[in-house]
Protein chains: 2
Amino acid sequence: MAKPTPLSGFPELLPAQRYVEQQVVATLARTFELHGFANVETRAVEPLDQLLRKGDTSKEVYVLRRLQEEDTARDKGIGLHFDLTVPFARYVLENAGKLEFPFRRYQIQKVWRGERPQEGRFREFTQADIDIVGRDTLPFHHDVEIARVMLEALSRLTFLPGFRLQVNNRKLIQGFYAGLGITAEGIDEVMRLVDKLDKLPPEKVRELLLDEAGITGEQADKALALATIRTTDDSFVAQVRALGVESDLLDEGLDELATLVRACAPLATERTRIEADLSIARGLDYYTGTVFETRLDGYESLGSICSGGRYDALASDGRTTYPGVGISLGLSRLLVTLIQRGVLTSDRSVPSVVLVAVTDEGTRAAADAVATALRGNGIPCEVAPSAAKFGKQIRHAERRGIPYVWFTQADGSGEVKDIRSGHQVAADPATWQPPTQDLRPQVVTTEDSNTEGNPS
Amino acid sequence: MAKPTPLSGFPELLPAQRYVEQQVVATLARTFELHGFANVETRAVEPLDQLLRKGDTSKEVYVLRRLQEEDTARDKGIGLHFDLTVPFARYVLENAGKLEFPFRRYQIQKVWRGERPQEGRFREFTQADIDIVGRDTLPFHHDVEIARVMLEALSRLTFLPGFRLQVNNRKLIQGFYAGLGITAEGIDEVMRLVDKLDKLPPEKVRELLLDEAGITGEQADKALALATIRTTDDSFVAQVRALGVESDLLDEGLDELATLVRACAPLATERTRIEADLSIARGLDYYTGTVFETRLDGYESLGSICSGGRYDALASDGRTTYPGVGISLGLSRLLVTLIQRGVLTSDRSVPSVVLVAVTDEGTRAAADAVATALRGNGIPCEVAPSAAKFGKQIRHAERRGIPYVWFTQADGSGEVKDIRSGHQVAADPATWQPPTQDLRPQVVTTEDSNTEGNPS
């Protein structure tokens, strides 16, 4: 077999890199569980008719077919899920009788999209989602909860650059447009065009608003003015009021967003900030209230790495409707980019804290016994694969980042050497403990010379 | 959307059931890491030509195609991996320059096979693999290590029925057949036919050996006698010797297997046993030495739930050969069957230890503050979704299996009630701790009235 080459869009990590991802997953899971979220995994496949209900994603779906099977009719087939929301909504409907509502779950799984690969966009990638779903109703305080839980989770990822969680509310936008006198049909079109502000200059968007949405220059100016408002506290309320637009839905949206920002403000740190950003609309997604996006400091071109919001109908079986609020962290988009740029890795390619040296093959059993004693105290370790010269065994540890090598003397006593310092002491495998910071590999960060936000 | 129905062969778990699986995965990962195995994840897809190299699995492969794409030519396409060995071998070749050998990794991921679903056989299922792979050579003591690590992992799964790890050695079988005078070509055929002993009576297999393999009655009798040898210590050596067959390869196989059994014997318990079973051959797989299978007590009809062995060439790029030894635990085969029969579940559907009651919506922030204090001490908790009557809030906790409800008095002081006993005490959220056994959900087992091995 010739040396295989990577498949574009299907990133894989080396062991030291994978350890970073494992640490992030463990931190997220731990935070979500502290907040009472139960873990769920759904199958990787869904019926195609479910996957294709949102028209604009159809091009991205991977369809499955058994090799020996006749080509499946399109509506009967199955495909790989492209997010965790569609399968979760299906899971809720399928198991509604066995779940307790409001139902809080987290889900960390791979998803697949047949998109053209580019930086931060993969064909296989991992998402970490939290959602809370109610039966018939779901109080607004759960919107606040979702934002707080994700802020807390992000703030625990201390080896990552800072985050900016941007929040807005569809009721605020829609109520504002309605207050401007824009028709119900026009509102979606205006929202779609204003959403282009991150790609087009304001004058161009204004032109489109007049030409394509058919609104007046005054309406367009106010819509654009709304989208420039950005505050880290609830002072956006006064700025919106100053635009002189009124509607009940706008009041409701302002009230919800102000509540959310005030409740999250105490969690904000220099690294993890929250801001009301009234330009955020989440494009074509069917959110009905709160919307979230998140930017990674210095990596703004990656787009939002953590998005979500409130759906009034996450799922419905015709009789019962299940409203939900959730947020989805793009784990691969966040990590793989930083790992591939060499910004993030870990200091060991193995979990081992200790390499137990082997003096000769006849005493391998003694080395195994030392390792067993260390493991009994929770210390990951491995026994040298061969009774090579000690210098070679030490290099074996060094190349893997293993910090300690254990030597057993002829009289059965032990010595342990910290190969970073060269310091060697007598030690008993039944009681020896390494310093806590050596028990697990450490995540290592290096400066990224290409960071967009930090021109040198 | 009508109520969705499950997809046959794609099992999903409810939250309390999923917790069992999470515990098993965590225990396996912890054990593997204690032994210095690094975690690796490979992409879910491989090029079809790689997946189809083993002819007999071709019918099981799921082929992928993007919905908008013209039908891909078969040799250019990609498919879902059907095990973790093929992708691992490819990963080793692709990254050989960046890995340290012997390379020890564990991998716990979903795999897919388009087989007809039946009990214990799924179309999507999770495998947990450990492998050690060397460059050019790999000492035999790693075979021992793989067996010991998996035995230790299985012995830690204390809520499962017992296991019997069955070991054999291809050198022993092949050397024995060669010593009988069977030709090199005939050996594979004899092995294939003797492997049918678990489905056919010995007389029938003897008939096939004479008719299809063309060996003599005496050769057939000895081959069948070898396959009946089964011991929990190294006494199989004497039993094989008593059959009066000799060859160097047989000696090597006997020596390796005796070493393995002796090294594993100290790890055996009443629940986790090891035995030399000279009928085990692993059918058509390309093992070259040690082979493993594992039976779950009372669920023998599931077949082997943990199999593997030694490959002299796990991977090769033409210049360098990478020998390996590994074992693969069928996590879904093991767990989903027990979960679906109701034998295994957990006592909570959420991680929460405490439900913080809400007296009225005006004091929700106070309840949030209690929850934040508890979480700061590592106690998972959630705040009641509504300020319903306390009886209703207690039932909310009960239905989820949450053991404690926290009440905040008008004067700000707190009381915590164990709703299982009704016992209620004053408590400070900054210092209160539940008993350790309440900190996490507990796995609950119930007797299986249908267990094959335990007729009532």
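**Figure 1. A salt bridge across the boundary between chain A and chain B.** A:Arg399 reaches over to B:Glu100 in a salt bridge, with 2.8 Å between the closest N and O atoms. This is a predicted model, so please read every distance here as computed from predicted coordinates. The pair shown is one of 9 salt bridges counted between chain A and chain B.

**Figure 2. The interface between chain A and chain B.** On the chain A side, 87 residues make contact, and they meet 87 residues of chain B. Together, chain A and chain B bury about 7,700 Å² between them. Carbon and sulfur atoms account for 54% of that buried area.

**Figure 3. The axis relating the two copies.** Chain A is superposed on chain B by a rotation of 180° with 0.0 Å of shift along the axis, at an RMSD of 0.0 Å. That is the relation of a two-fold axis. If you would like a landmark in chain A, look for A:Leu64: its C-alpha is the one nearest the axis, at 2.5 Å. The same surface serves both copies, as 100% of the contact residues of chain A recur in chain B.

**Figure 4. The two domains of chain A.** Chain A is divided into domain 1, covering 15-345, and domain 2, covering 354-438. Taken over C-alpha atoms, the centres of domain 1 and domain 2 of chain A are separated by 49 Å.

**Figure 5. The open sheet of chain B.** Here 9 strands line up in the order β1-β5-β6-β12-β11-β10-β7-β9-β8, and their pairing is mixed. At the edges stand β1 (38-39) and β8 (230-231) of chain B, each with a single partner strand, so one side of each has no neighbour in the sheet. To follow one edge inward, start at β1(B), which runs parallel to β5 (residues 103-112) of chain B and is joined to it by 2 bridges. One residue pair to look for is B:Ala38 with its bridge partner in β5(B), B:Arg105.

**Figure 6. Strand β11 of chain A and its neighbours.** Of the 11 residues of β11 (residues 306-316) of chain A, 8 are buried, so the strand is largely enclosed by the rest of the structure. With β10 (residues 290-296) of chain A, β11(A) pairs in the antiparallel sense over 2 bridges; A:Val291 has A:Gly309 in β11(A) as its bridge partner. With β12 (residues 321-330) of chain A, the pairing is also antiparallel, over 8 bridges. A:Ser307 is matched with A:Ser328 in β12(A), and A:Tyr311 stands opposite A:Gly324. The two strands β11(A) and β12(A) form a hairpin with 4 residues between them, and A:Gly318 in the turn has a positive phi of about 95°.

**Figure 7. Strand β12 of chain A beside β6.** β12(A) is mostly covered, with 9 of its 10 residues buried. Strand β6 (residues 124-133) of chain A pairs with β12(A) in the antiparallel sense over 7 bridges. Within this pairing, you can find A:Ala128 opposite A:Leu329 in β12(A).

**Figure 8. The buried helix α11 of chain A.** Helix α11 (residues 331-340) of chain A has 9 of its 10 residues buried, so it is largely enclosed by the rest of the structure. Among the buried residues of α11(A) are A:Leu331, A:Arg333, A:Val336 and A:Ile339. After α11(A) comes A:Gly342, which has a positive phi near 80°.

How values were computed. Residues numbered from 1 in each chain as written. Chains lettered and ligands numbered in written order. Predicted model: local features only at pLDDT ≥ 70, side-chain atom pairs only at ≥ 80, totals over all residues. Heavy atoms only, no water. Buried < 20%, exposed > 50% of the residue type's maximum accessible area, 1.4 Å probe, protein only. Pairing = 2+ DSSP bridges. Least-squares fit on C-alpha atoms with pLDDT ≥ 70 in both. Contact = heavy atoms within 4.5 Å. Domains from an automatic or database assignment. Buried area = accessible area lost by both parts, 1.4 Å probe. Salt bridge = Lys/Arg side-chain N within 4 Å of Asp/Glu carboxyl O.
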